[in-house]
Amino acid sequence: MVDSSVEGPVWVPTEPPNLENFLAPTMQPMPLIPAIALVLAVLYLAGATRLWTARRRWPAWRTLCFLTGCAATAVTMGAGIEGYGLRMFSVFMFQQLTLMMLVPALLVLGSPGTLLLRATPHRGPGAVVLRLALWGLRSRWGRLAIHPAFLVPLFLISFYGIYFSGLDDRLLPTWYGHIGLELLFLASGILFTIPLLSADPLPTKQTYGSRLADIVPEMPLHAFFGVIVMMAPLPVVEFFATPPADWGIDPMADQVLAGSLAWTYGELPSLLILLFIMAQWHRDDARKAARDETETAVRGTPELDAYNAYLDQLQQRTENR
(Lines give C-alpha, C1' and ligand atoms only; values in the text may rest on other atoms or scores of the structure.)
Protein backbone atom coordinates (compact mmCIF):
# COMPACT_ATOMS: atom_id res chain seq x y z
CA MET A 1 0.00 0.00 0.00
CA VAL A 2 0.98 3.63 -0.36
CA ASP A 3 1.52 5.27 3.02
CA SER A 4 0.38 8.90 3.05
CA SER A 5 2.68 9.60 6.00
CA VAL A 6 5.74 9.09 3.78
CA GLU A 7 6.11 11.39 0.80
CA GLY A 8 7.65 10.05 -2.38
CA PRO A 9 7.80 6.76 -4.30
CA VAL A 10 7.45 4.29 -1.43
CA TRP A 11 5.53 1.08 -0.84
CA VAL A 12 4.56 -0.03 2.69
CA PRO A 13 3.40 -3.63 3.31
CA THR A 14 -0.16 -4.31 4.41
CA GLU A 15 0.48 -7.54 6.31
CA PRO A 16 1.89 -7.65 9.86
CA PRO A 17 5.67 -8.08 10.06
CA ASN A 18 7.18 -11.56 10.22
CA LEU A 19 10.32 -13.25 8.91
CA GLU A 20 8.68 -14.40 5.69
CA ASN A 21 7.44 -10.89 4.87
CA PHE A 22 10.80 -9.38 5.82
CA LEU A 23 12.61 -11.54 3.24
CA ALA A 24 9.90 -11.38 0.58
CA PRO A 25 11.24 -10.04 -2.77
CA THR A 26 9.06 -6.93 -2.70
CA MET A 27 11.16 -4.16 -4.16
CA GLN A 28 10.45 -0.51 -3.63
CA PRO A 29 9.35 1.58 -6.63
CA MET A 30 12.84 3.15 -6.79
CA PRO A 31 15.36 0.64 -5.32
CA LEU A 32 18.33 3.02 -5.48
CA ILE A 33 20.65 1.38 -2.95
CA PRO A 34 20.04 -2.21 -4.18
CA ALA A 35 20.83 -0.98 -7.70
CA ILE A 36 24.10 0.55 -6.46
CA ALA A 37 24.98 -2.73 -4.72
CA LEU A 38 24.28 -4.68 -7.93
CA VAL A 39 26.46 -2.36 -10.03
CA LEU A 40 29.33 -2.60 -7.53
CA ALA A 41 29.08 -6.39 -7.47
CA VAL A 42 29.16 -6.61 -11.28
CA LEU A 43 32.15 -4.24 -11.54
CA TYR A 44 34.06 -6.06 -8.83
CA LEU A 45 33.39 -9.47 -10.35
CA ALA A 46 34.44 -8.15 -13.78
CA GLY A 47 37.75 -6.94 -12.32
CA ALA A 48 38.42 -10.20 -10.50
CA THR A 49 37.54 -12.20 -13.63
CA ARG A 50 39.94 -10.07 -15.67
CA LEU A 51 42.79 -10.96 -13.32
CA TRP A 52 41.89 -14.63 -13.20
CA THR A 53 41.63 -14.79 -17.00
CA ALA A 54 45.11 -13.26 -17.27
CA ARG A 55 46.32 -15.87 -14.76
CA ARG A 56 47.08 -13.23 -12.17
CA ARG A 57 46.34 -14.02 -8.57
CA TRP A 58 43.45 -12.47 -6.72
CA PRO A 59 42.22 -13.96 -3.41
CA ALA A 60 38.88 -15.72 -3.71
CA TRP A 61 38.09 -14.94 -0.08
CA ARG A 62 38.27 -11.20 -0.77
CA THR A 63 35.88 -11.64 -3.68
CA LEU A 64 33.52 -13.60 -1.45
CA CYS A 65 33.63 -10.89 1.23
CA PHE A 66 32.83 -8.08 -1.19
CA LEU A 67 30.03 -9.95 -2.96
CA THR A 68 28.54 -10.95 0.40
CA GLY A 69 28.55 -7.30 1.45
CA CYS A 70 26.76 -6.33 -1.77
CA ALA A 71 24.22 -9.12 -1.27
CA ALA A 72 23.59 -8.08 2.33
CA THR A 73 23.02 -4.51 1.18
CA ALA A 74 20.62 -5.58 -1.55
CA VAL A 75 18.58 -7.79 0.79
CA THR A 76 18.53 -5.31 3.68
CA MET A 77 17.50 -2.42 1.44
CA GLY A 78 15.63 -4.23 -1.32
CA ALA A 79 13.50 -6.97 0.23
CA GLY A 80 10.33 -6.53 2.28
CA ILE A 81 12.41 -5.36 5.23
CA GLU A 82 12.80 -1.97 3.57
CA GLY A 83 9.03 -1.49 3.51
CA TYR A 84 8.70 -2.26 7.22
CA GLY A 85 11.73 -0.08 7.95
CA LEU A 86 9.75 2.89 6.69
CA ARG A 87 7.41 2.71 9.71
CA MET A 88 9.12 0.57 12.41
CA PHE A 89 11.95 1.87 14.58
CA SER A 90 13.40 -1.59 15.27
CA VAL A 91 13.62 -2.49 11.59
CA PHE A 92 15.12 0.87 10.70
CA MET A 93 17.69 0.43 13.49
CA PHE A 94 18.56 -3.03 12.17
CA GLN A 95 19.10 -1.53 8.72
CA GLN A 96 21.26 1.26 10.14
CA LEU A 97 23.48 -1.13 12.09
CA THR A 98 23.82 -3.40 9.08
CA LEU A 99 24.80 -0.51 6.82
CA MET A 100 27.22 0.98 9.34
CA MET A 101 28.82 -2.07 10.95
CA LEU A 102 28.40 -5.28 8.96
CA VAL A 103 28.35 -4.27 5.29
CA PRO A 104 31.37 -1.88 5.45
CA ALA A 105 33.58 -4.55 7.01
CA LEU A 106 32.73 -6.99 4.21
CA LEU A 107 33.24 -4.40 1.48
CA VAL A 108 36.56 -3.13 2.87
CA LEU A 109 37.93 -6.67 3.32
CA GLY A 110 37.33 -7.11 -0.40
CA SER A 111 40.10 -4.51 -1.10
CA PRO A 112 38.24 -2.89 -4.01
CA GLY A 113 40.89 -0.17 -4.34
CA THR A 114 43.68 -2.66 -4.93
CA LEU A 115 41.55 -4.61 -7.37
CA LEU A 116 40.76 -1.40 -9.26
CA LEU A 117 44.45 -0.55 -9.57
CA ARG A 118 45.40 -4.03 -10.72
CA ALA A 119 42.52 -4.79 -13.09
CA THR A 120 42.01 -1.42 -14.82
CA PRO A 121 43.73 -1.10 -18.23
CA HIS A 122 46.54 1.46 -18.32
CA ARG A 123 45.49 2.85 -21.70
CA GLY A 124 42.52 4.83 -22.95
CA PRO A 125 39.74 5.56 -20.45
CA GLY A 126 41.38 3.20 -17.98
CA ALA A 127 44.28 5.60 -17.58
CA VAL A 128 41.90 8.34 -16.49
CA VAL A 129 40.22 5.99 -14.03
CA LEU A 130 43.61 5.04 -12.59
CA ARG A 131 44.63 8.67 -12.12
CA LEU A 132 41.38 9.42 -10.32
CA ALA A 133 41.72 6.30 -8.16
CA LEU A 134 45.30 7.15 -7.17
CA TRP A 135 44.29 10.73 -6.43
CA GLY A 136 41.44 9.53 -4.21
CA LEU A 137 43.60 7.00 -2.38
CA ARG A 138 46.54 9.34 -1.77
CA SER A 139 45.15 12.87 -1.78
CA ARG A 140 44.91 15.29 1.12
CA TRP A 141 41.14 14.96 1.07
CA GLY A 142 41.45 11.19 1.36
CA ARG A 143 43.73 11.65 4.36
CA LEU A 144 41.18 13.95 5.97
CA ALA A 145 38.26 11.60 5.26
CA ILE A 146 39.84 8.75 7.26
CA HIS A 147 41.28 10.90 10.06
CA PRO A 148 39.85 10.22 13.55
CA ALA A 149 39.18 13.94 14.03
CA PHE A 150 36.63 13.67 11.21
CA LEU A 151 35.39 10.11 11.73
CA VAL A 152 34.57 10.28 15.44
CA PRO A 153 32.22 13.30 15.11
CA LEU A 154 30.66 11.71 12.01
CA PHE A 155 30.01 8.52 13.95
CA LEU A 156 28.48 10.41 16.87
CA ILE A 157 26.26 12.41 14.53
CA SER A 158 25.03 9.21 12.88
CA PHE A 159 23.59 8.05 16.20
CA TYR A 160 23.26 10.73 18.84
CA GLY A 161 23.06 13.77 16.57
CA ILE A 162 20.34 12.43 14.29
CA TYR A 163 18.07 10.89 16.93
CA PHE A 164 18.40 13.45 19.71
CA SER A 165 18.28 16.61 17.59
CA GLY A 166 14.94 15.96 15.91
CA LEU A 167 16.59 15.69 12.51
CA ASP A 168 15.15 12.19 12.05
CA ASP A 169 11.55 13.44 12.34
CA ARG A 170 12.25 15.98 9.60
CA LEU A 171 13.93 13.53 7.19
CA LEU A 172 12.13 10.21 7.66
CA PRO A 173 8.68 11.35 6.43
CA THR A 174 10.11 11.77 2.91
CA TRP A 175 11.62 9.21 0.57
CA TYR A 176 14.53 11.54 -0.13
CA GLY A 177 15.30 11.99 3.56
CA HIS A 178 14.95 8.26 4.27
CA ILE A 179 17.29 7.27 1.45
CA GLY A 180 19.65 10.11 2.36
CA LEU A 181 19.98 8.81 5.91
CA GLU A 182 20.64 5.27 4.68
CA LEU A 183 23.36 6.51 2.32
CA LEU A 184 24.86 8.53 5.18
CA PHE A 185 24.95 5.42 7.37
CA LEU A 186 26.66 3.39 4.66
CA ALA A 187 29.20 6.09 3.80
CA SER A 188 30.11 6.81 7.43
CA GLY A 189 30.46 3.10 8.15
CA ILE A 190 32.80 2.61 5.19
CA LEU A 191 34.94 5.60 6.13
CA PHE A 192 35.17 4.42 9.74
CA THR A 193 36.13 0.88 8.70
CA ILE A 194 38.74 1.72 6.06
CA PRO A 195 41.56 2.68 8.50
CA LEU A 196 40.83 -0.42 10.58
CA LEU A 197 40.70 -3.18 7.97
CA SER A 198 41.75 -1.88 4.57
CA ALA A 199 44.74 -3.37 2.75
CA ASP A 200 44.52 -0.75 -0.02
CA PRO A 201 47.26 1.88 -0.54
CA LEU A 202 45.88 4.57 1.76
CA PRO A 203 47.28 8.10 2.27
CA THR A 204 48.25 7.13 5.82
CA LYS A 205 48.69 3.68 7.31
CA GLN A 206 47.69 3.29 10.94
CA THR A 207 49.61 1.11 13.34
CA TYR A 208 47.81 -1.73 15.04
CA GLY A 209 47.93 0.15 18.33
CA SER A 210 46.21 3.18 16.82
CA ARG A 211 43.57 0.90 15.25
CA LEU A 212 42.77 -0.53 18.66
CA ALA A 213 42.66 3.00 20.05
CA ASP A 214 39.98 3.80 17.44
CA ILE A 215 37.77 0.72 17.79
CA VAL A 216 37.85 0.19 21.57
CA PRO A 217 36.36 3.59 22.59
CA GLU A 218 33.69 3.23 19.87
CA MET A 219 32.30 -0.03 21.23
CA PRO A 220 30.61 1.35 24.39
CA LEU A 221 28.86 4.04 22.37
CA HIS A 222 26.44 1.49 20.91
CA ALA A 223 25.63 0.08 24.32
CA PHE A 224 25.14 3.52 25.86
CA PHE A 225 22.91 4.64 22.99
CA GLY A 226 20.92 1.42 23.20
CA VAL A 227 20.35 1.82 26.93
CA ILE A 228 19.13 5.40 26.43
CA VAL A 229 16.64 4.27 23.79
CA MET A 230 15.44 1.31 25.87
CA MET A 231 14.89 3.41 29.00
CA ALA A 232 13.24 6.38 27.28
CA PRO A 233 9.70 6.84 28.68
CA LEU A 234 8.50 8.55 25.49
CA PRO A 235 9.07 7.85 21.80
CA VAL A 236 12.56 8.89 20.76
CA VAL A 237 11.39 9.27 17.15
CA GLU A 238 7.87 10.68 16.88
CA PHE A 239 7.59 9.44 13.31
CA PHE A 240 7.74 5.81 14.51
CA ALA A 241 5.17 6.39 17.26
CA THR A 242 2.22 5.72 14.96
CA PRO A 243 2.82 2.55 12.92
CA PRO A 244 0.02 1.23 10.66
CA ALA A 245 -2.84 -0.09 12.81
CA ASP A 246 -3.09 -3.30 10.76
CA TRP A 247 0.38 -4.36 11.91
CA GLY A 248 -0.57 -4.60 15.60
CA ILE A 249 2.71 -3.03 16.73
CA ASP A 250 3.22 -1.48 20.16
CA PRO A 251 5.50 1.48 19.37
CA MET A 252 7.12 1.53 22.82
CA ALA A 253 7.83 -2.20 22.72
CA ASP A 254 9.25 -1.71 19.24
CA GLN A 255 11.45 1.10 20.58
CA VAL A 256 12.78 -1.19 23.32
CA LEU A 257 13.62 -3.74 20.63
CA ALA A 258 15.44 -1.05 18.65
CA GLY A 259 17.50 -0.14 21.71
CA SER A 260 18.36 -3.77 22.39
CA LEU A 261 19.52 -4.16 18.79
CA ALA A 262 21.79 -1.13 19.15
CA TRP A 263 23.18 -2.70 22.32
CA THR A 264 23.73 -6.25 21.06
CA TYR A 265 23.81 -6.33 17.27
CA GLY A 266 25.83 -3.11 17.19
CA GLU A 267 28.50 -4.64 19.41
CA LEU A 268 29.01 -7.91 17.53
CA PRO A 269 30.65 -6.53 14.34
CA SER A 270 32.88 -4.28 16.46
CA LEU A 271 34.00 -7.27 18.52
CA LEU A 272 34.76 -9.27 15.37
CA ILE A 273 36.75 -6.35 13.94
CA LEU A 274 38.69 -6.10 17.20
CA LEU A 275 39.53 -9.82 17.10
CA PHE A 276 40.54 -9.55 13.44
CA ILE A 277 42.92 -6.65 14.18
CA MET A 278 44.52 -8.52 17.07
CA ALA A 279 44.92 -11.66 14.93
CA GLN A 280 46.57 -9.62 12.17
CA TRP A 281 48.86 -7.95 14.69
CA HIS A 282 49.96 -11.32 16.08
CA ARG A 283 50.47 -12.76 12.58
CA ASP A 284 52.57 -9.80 11.38
CA ASP A 285 54.72 -9.92 14.52
CA ALA A 286 55.28 -13.64 14.00
CA ARG A 287 56.25 -13.05 10.37
CA LYS A 288 58.64 -10.26 11.33
CA ALA A 289 60.26 -12.45 13.98
CA ALA A 290 60.66 -15.26 11.45
CA ARG A 291 62.25 -12.89 8.92
CA ASP A 292 64.64 -11.55 11.54
CA GLU A 293 65.68 -15.07 12.52
CA THR A 294 66.26 -16.04 8.88
CA GLU A 295 68.29 -12.90 8.22
CA THR A 296 70.36 -13.52 11.34
CA ALA A 297 71.06 -17.11 10.30
CA VAL A 298 72.17 -16.00 6.81
CA ARG A 299 74.00 -12.73 7.48
CA GLY A 300 74.76 -12.99 11.15
CA THR A 301 74.60 -9.93 13.40
CA PRO A 302 77.15 -7.37 12.08
CA GLU A 303 76.32 -4.74 14.70
CA LEU A 304 76.59 -7.21 17.58
CA ASP A 305 79.76 -8.75 16.14
CA ALA A 306 81.37 -5.33 15.75
CA TYR A 307 80.45 -4.41 19.32
CA ASN A 308 81.90 -7.66 20.69
CA ALA A 309 85.09 -7.09 18.68
CA TYR A 310 85.34 -3.61 20.17
CA LEU A 311 85.04 -5.03 23.69
CA ASP A 312 87.70 -7.61 22.91
CA GLN A 313 90.06 -4.85 21.75
CA LEU A 314 89.50 -2.91 24.97
CA GLN A 315 90.15 -5.97 27.03
CA GLN A 316 93.35 -6.77 25.10
CA ARG A 317 94.63 -3.21 25.56
CA THR A 318 93.96 -3.42 29.26
CA GLU A 319 95.84 -6.72 29.54
CA ASN A 320 98.82 -5.34 27.57
CA ARG A 321 99.09 -2.37 29.91
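These are my notebook entries on the spaces, cores, cysteines and one asparagine of a predicted model.

**Entry 1: open pockets**

I began with the pockets. How much space does the largest pocket hold? Its volume is about 960 Å³. I counted 35 residues in its lining, and Phe66, Pro112, Gly113, Leu116 and Asp200 lie nearest the centre. Click on those five if you want to find the middle of the pocket.

Next I looked up which helices build the wall. At least two lining residues each come from helix 2, helix 3 (60–78), helix 5 (89–109), helix 6 (112–119), helix 7 (125–138), helix 8 (140–145) and helix 11. Which helix gives the largest share? I found that helix 2 does, with 8 residues. I then sorted the lining of this pocket by class and noted 27 nonpolar, 7 polar and 1 charged residues.

The second largest pocket came next, with about 300 Å³ of space. Its lining has 16 residues, and nearest the centre I found Arg62, Ala199, Tyr208, Gln280 and Arg283. Helix 3, helix 12 (208–231) and helix 14 (267–299) each bring at least two residues to this lining. The most come from helix 14, which supplies 5. What is the mix of classes here? I wrote down 6 nonpolar, 4 polar and 6 charged residues.

**Entry 2: closed cavities**

Then I turned to the enclosed spaces. I like the idea behind this search: rolling a probe the size of a water molecule over the atoms shows where empty space is left. How many cavities of 30 Å³ or more does the whole structure have? The search gives 3.

The largest cavity holds about 70 Å³. Among the 14 residues that line this cavity, Gln28, Met30, Met77, Glu82 and Ile179 are the closest to its centre. Helix 2 (32–53) and helix 11 (175–197) each give at least two residues to the lining. The largest share is that of helix 11, with 4 residues. By class, I have 10 nonpolar, 2 polar and 2 charged residues around this cavity.

The second largest cavity has about 60 Å³. I could list its whole lining: Ile146, Pro148, Leu151, Val152, Phe192, Pro195, Leu196, Gln206 and Asp214. Helix 9 (148–164) and helix 11 each contribute at least two of the lining residues. Sorted by class, they come out as 7 nonpolar, 1 polar and 1 charged.

I made a side note on helix 11, since the name kept coming back. Helix 11 helps to line the largest cavity, the second largest cavity and the largest pocket.

**Entry 3: nonpolar cores**

After the empty spaces, I looked at the filled ones. The largest nonpolar core has 53 residues, and those touching the most other members are Phe89, Met93, Phe159, Tyr163, Phe185, Phe225 and Val237. Which helix gives the most to this core? Helix 5 does, with 10 residues.

I picked Met93 for a look at its contacts. Beyond its neighbours within four places in sequence, Met93 touches Phe159, Tyr163, Phe225, Ala258, Leu261 and Ala262. Three of these partners, Phe159, Tyr163 and Phe225, are also on the list of best-connected core members. I also noted a second, separate core of 18 residues, including Ala105, Leu109, Leu197 and Leu202.

**Entry 4: cysteines**

A reminder to myself: a disulfide is a covalent bond between the sulfur atoms of two cysteines. How many disulfides does the structure hold? The count is 0. For Cys65, the nearest cysteine sulfur belongs to Cys70 and is 11 Å away. Looking from Cys70, the nearest cysteine sulfur is that of Cys65. A disulfide needs the two sulfur atoms within 2.5 Å, and 11 Å does not meet that.

Are these cysteines buried or exposed? The cut-off for buried is under 20% relative accessible area. Cys65 counts as buried because its value is 16%. Cys70 is buried too, at 5%.

**Entry 5: one asparagine**

Last, I checked Asn21, which sits in helix 1 (residues 19–22). Is Asn21 buried or exposed? Its relative accessibility is 14%, so Asn21 counts as buried. What does Asn21 touch, not counting residues up to four places away in sequence? I found Glu15, Pro16, Gly80, Ile81 and Tyr84.

Notes:
Residues numbered from 1 in each chain as written. Predicted model: local features only at pLDDT ≥ 70, side-chain atom pairs only at ≥ 80, totals over all residues. Heavy atoms only, no water. Buried < 20%, exposed > 50% of the residue type's maximum accessible area, 1.4 Å probe, protein only. Contact = heavy atoms within 4.5 Å. 1 Å grid on protein atoms, 1.4 Å probe; cavity = no way out; pocket = protein on both sides within 12 Å on 5 of 7 lines; lining within 4 Å. Points joined across faces, edges and corners; volume = space filled by probe spheres on them. Nonpolar A, V, L, I, M, F, W, Y, C, P; charged D, E, K, R; others polar. Core = buried A, V, L, I, M, F, W, Y, C linked by side-chain atoms within 4.5 Å.
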